[in-house]
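Hi,

Here is the structure I promised to pass on. Have a look at it first, and then read my notes below.

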Amino acid sequence: MTPSGRLATLCAFLLTIAACTRIDGTPTAGDPAPKPTNAVFGSFYGECGSVTDDEVAQITGIQDLRVEGKNGIKCRWAVGLEYVMFNWYRGSPIDRERMGSERIGRDVEQFEFEGRRAYTSRNAAPGTCEIGVEDHADFIYWVISYRSGPQPTDVCTPARELAKLTIARSK
């Protein structure tokens with residue numbers, strides 16, 4: 001076969017393959033059906049983990065917190081350099097978040113919290129604590145960062161209290 005004949009054969013082959021493939025990625029009649037996932041989603045936590053703005057300020061001891069953003073899965077309160085944040089991760093593995101904290105050198109402790117797998121991640125300076133609590137294929141996550149004001153002796157105590165309140169109010 002001549003070089004131009006080989007090129008023509010290759011082009012015909014590629015056109016045949018292209019004709020059997022959809023550009024948008026949806027399966028064609030001959031594609032196998034996608035496999036269903038067996039993920040069991042967790043509880044419903046409500047906006048901001050069902051915790052009020054006043055409760056966040058009272059539990060953390062950070063005065064004059066202002067809401068910077070609220071939606072169904074994430075809320076953030078801040079004043080100056082200090083902040084509190086809630087996240088609700090649906091269908092996301094808690095271990096990925098925990099390993100990220102370990103990789104950046106934070107002090108990570110794994111434990112059971114309210115009957116669920118959990119971890120805390122501490123950063124002594126500037127006094128930051130994260131808590132992640134697993135709920136089946138989901139997890140909730142609170143972070144508190146005391147940067148300029150007074151902070152509790154154990155910066156994770158308020159984070160644990162917020163997580164406990166969120167779990168108690170879940171549905």
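Let me start with a turn. Strands β5 and β6 make a hairpin with 4 residues between them, and glycine 127 in that turn has a positive phi of about 75°. Before you read too much into any angle, keep in mind that this is a predicted model. The two strands of this hairpin run antiparallel and are joined by 6 bridges. If you want a pair to click on, threonine 120 has isoleucine 131 in β6 as its bridge partner.

Now the whole sheet. It is open, has 7 strands with antiparallel pairing, and its order is β1-β2-β3-β7-β6-β5-β4. β1 and β4 (107–113) are the edge strands, each pairing on one side only. On average, neighbouring strands are turned by 15° against each other, direction ignored.

Walking across from the β1 edge:

- β1 and β2 are antiparallel and share 4 bridges; lysine 70 stands opposite cysteine 75 in β2.
- β2 (residues 74–79) is joined to β3 by 6 bridges, again antiparallel, and lysine 74 has asparagine 87 in β3 as its bridge partner. These two strands form a hairpin with 2 residues between them, where glycine 80 in the turn has a positive phi of about 55°.
- β3 and β7 run antiparallel with 7 bridges; here tyrosine 89 stands opposite phenylalanine 139 in β7.
- At the other end, β4 and β5 pair in the antiparallel sense over 7 bridges, with valine 108 opposite serine 121 in β5. Their hairpin also has a short description: 2 residues between the strands, and glutamate 114 with a positive phi near 55°.

β3 (residues 82–89) is worth colouring by accessibility, as 7 of its 8 residues are buried.

What packs on the sheet? Helix α3 (residues 94–103) does, touching β3, β4, β5 (116–123), β6 and β7, and its direction makes about 20° with that of β5. α4 packs on the sheet too, touching β3, β4, β5, β6 and β7, with its direction at about 145° to that of β7.

α4 has a helix partner as well. The axes of α2 (residues 53–60) and α4 come within 9 Å and cross at roughly 145°, and the crossing is right-handed. On the α2 side the contact involves Glu55, Val56, Ile59 and Thr60, which meet Pro158, Glu161, Leu162 and Leu165 in α4. Those residues divide into 5 nonpolar, 1 polar and 2 charged.

Just past that helix, serine 170 sits in the segment after α4 (156–168). Its side chain reaches the backbone oxygen of isoleucine 167 at 2.8 Å. Setting aside neighbours within four places in sequence, serine 170 is also in contact with Ser43, Phe44 and Tyr45.

Is valine 133 buried or exposed? This residue of strand β6 (residues 128–135) has a relative accessible area of 1%, and since the cut-off for buried is under 20%, it counts as buried. Its contacts, not counting residues up to four places away in sequence, are Ile94, Phe113, Arg116, Arg117, Ala118, Asp138, Phe139, Ile140, Ala163 and Ile167. Valine 133 and arginine 160 are 27 residues apart in sequence and 9.7 Å apart in space, C-alpha to C-alpha.

Finally, some backbone angles you may want to check. Most residues other than glycine have a negative phi. Which way do the next two go? Aspartate 64 has a phi near 65°, a positive value in a residue other than glycine. Aspartate 64 lies in the loop between α2 and β1 (66–70) and is exposed, with a relative accessible area of 60%. Histidine 136 also has a positive phi, near 55°. You will find histidine 136 in the loop between β6 and β7 (138–145), where it counts as exposed at 55% relative accessibility.

Cheers

Terms used:
Residues numbered from 1 in each chain as written. Predicted model: local features only at pLDDT ≥ 70, side-chain atom pairs only at ≥ 80, totals over all residues. Heavy atoms only, no water. Polar contact = N/O pair within 3.5 Å; in protein donor to acceptor, adjacent residues only side chain to side chain. Contact = heavy atoms within 4.5 Å. Axes fitted to C-alpha atoms, helices over the stretch in contact; angles between N-to-C directions. Left-handed = near helix turned anticlockwise from the far one by under 90°. Nonpolar A, V, L, I, M, F, W, Y, C, P; charged D, E, K, R; others polar. Buried < 20%, exposed > 50% of the residue type's maximum accessible area, 1.4 Å probe, protein only. Pairing = 2+ DSSP bridges.
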